[in-house]
Amino acid sequence: MNNKEHKLGLPFEYQQMPEYFDAHNISDQTAAKNALIERLLKSQNVKTVLDMTCGTGSQVFYLAARGYEVIGSDFSPALIEQAQSKAKKMNRDITFIDGDMRNVKVGKFDAVITIFNAIGHLTKADFETALQNIRANLQDGGVYIFDIFNLQAITDDVIDDFKMDIQNVVRGVHIRNIQHSEIDRENGFLISHDHYTISKENSEPEIHKNSFSLQIYTAKELQAMLGRNGFEVVGQYDMNGNDFVADKSLNILTVAKKKSG
Ligand SMILES: C[S@@+](CC[C@H](N)C(=O)[O-])C[C@H]1O[C@@H](n2cnc3c(N)ncnc32)[C@H](O)[C@@H]1O
């Protein structure tokens, strides 16, 4: 496959089915993941945070409840709307902005975060553009914290384990998603195929099929990209907060500091 011609696509629920996003993306591991991000932010003395891929606000609400000054931005207006309506229901005054991480300018923050494989939706060239823009939204010495699947550890067994069959009822609508994935190791694409069945009472089930790819990386590749875009890697971890192990950790959670100049 020619890397340049490969279109990554996006999961169906980002735009077409935003009310299903939380059912698919929030799990019993979400609170532990958010707590780990918070620990890392705290260790860097962070007070202000821009979540540039906030989705429906999982990290934003978690951090706001713990006293951080947080703003969320995301390029899916449908997900931003979900986040805003959650904030309203919780009676919280939080700013959510419709913006693309490659060019949105919100201010100068102690930290920028993009959590849950969000950078996988960007091509490598676009991730470099985003890194320059992240720098522009950070104070000198500010940190960028993000996670992405570790290409080096995604074996065929892991791909097998990624198979999912999730069923949920969202506002009376029964939604089932059967997902399977494959890997293009040469280009670093994790390709997922979703098959949704949406059953509303008294009507024929709707079927939606959708495929999308995530651009994934090795830790070394990330270090090089961060280095040439004005960041110094402070630490790399797995999603339990343990030190990163190149051929074992499924995810690379990176803390990178903006270099001055
Ligand atoms: C897997 S979701 C994670 C959302 C949230 N961080 C969470 O943990 O629930 C990835 C998010 O990245 C956003 N995203 C992807 N590409 C983006 C871009 N170029 N600019 C801004 N947001 C983007 C998507 O709209 C989606 O909300």
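In this predicted model, 15 residues of domain 1 touch 17 residues of domain 2. On the domain 1 side of this contact, nine residues are nonpolar, five are polar and one is charged. Domain 1 is built from two stretches of the chain, 8–150 and 217–258, while domain 2 covers 156–214. A distance of 23 Å separates the C-alpha centres of the two domains.

Stepping back to the whole chain, seven helices and 11 strands are found. The radius of gyration is 18 Å, close to the 18 Å given by the globule rule for 261 residues, so the chain is as compact as a globular protein of that length. Along the principal axes, the C-alpha atoms fill a box of roughly 60 × 45 × 35 Å.

A good place to look more closely is the open sheet of four strands, in which the order is β6-β7-β8-β9 and the pairing is antiparallel. The edges are taken by β6 (164–170) and β9 (206–215); each has a single partner strand, so one side of each is left without a neighbour in the sheet. On average, and with direction ignored, neighbouring strands of this sheet are turned by 20° against each other.

The pairings can be followed strand by strand. Between β6 and β7, which run antiparallel, there are seven bridges, and V169 faces H174 of β7 across this pairing. Two residues lie between the strands in the hairpin of β6 and β7, where R171 adopts a positive phi near 45°.

Strand β7 (residues 173–184) is also joined to strand β8 (residues 189–199), again in antiparallel fashion, by 11 bridges. Two of the residue pairs help to locate this pairing by eye: I178 has H195 in β8 as its bridge partner, and E182 stands opposite I191 in β8. The hairpin of β7 and β8 has four residues between the strands, and here G188 takes a positive phi near 70°. For readers tracing side chains along these strands, it helps to recall that in a regular strand the side chains alternate between the two faces of the sheet.

Finally, the ligand deserves a visit. Its surroundings comprise 21 residues, of which T53, G55, F75, M101 and F116 are the closest. Sorted by class, this shell around the ligand holds 10 nonpolar, eight polar and three charged residues.

Methods:
Residues are numbered from 1 along each chain as its sequence is written. This is a predicted model: local features need pLDDT of at least 70, side-chain atom pairs count only at pLDDT 80 or more; totals for chains, interfaces and linings use all residues. Domain bounds come from an automatic or database domain assignment. Two residues are in contact if their C-beta atoms, placed from the backbone, lie within 7 Å. Ala, Val, Leu, Ile, Met, Phe, Trp, Tyr, Cys and Pro count as nonpolar, Asp, Glu, Lys and Arg as charged, and the others, Gly among them, as polar. A residue is near a molecule or strand if its C-beta atom, placed from the backbone, lies within 6 Å of it. Two strands pair if DSSP finds at least two bridges between them. Axes are lines fitted to C-alpha atoms, for helices over the stretch in contact, and angles run from 0 to 180 degrees between N-to-C directions. The radius of gyration is taken over C-alpha atoms; the globule rule is 2.2 Å times the number of residues to the power 0.38.
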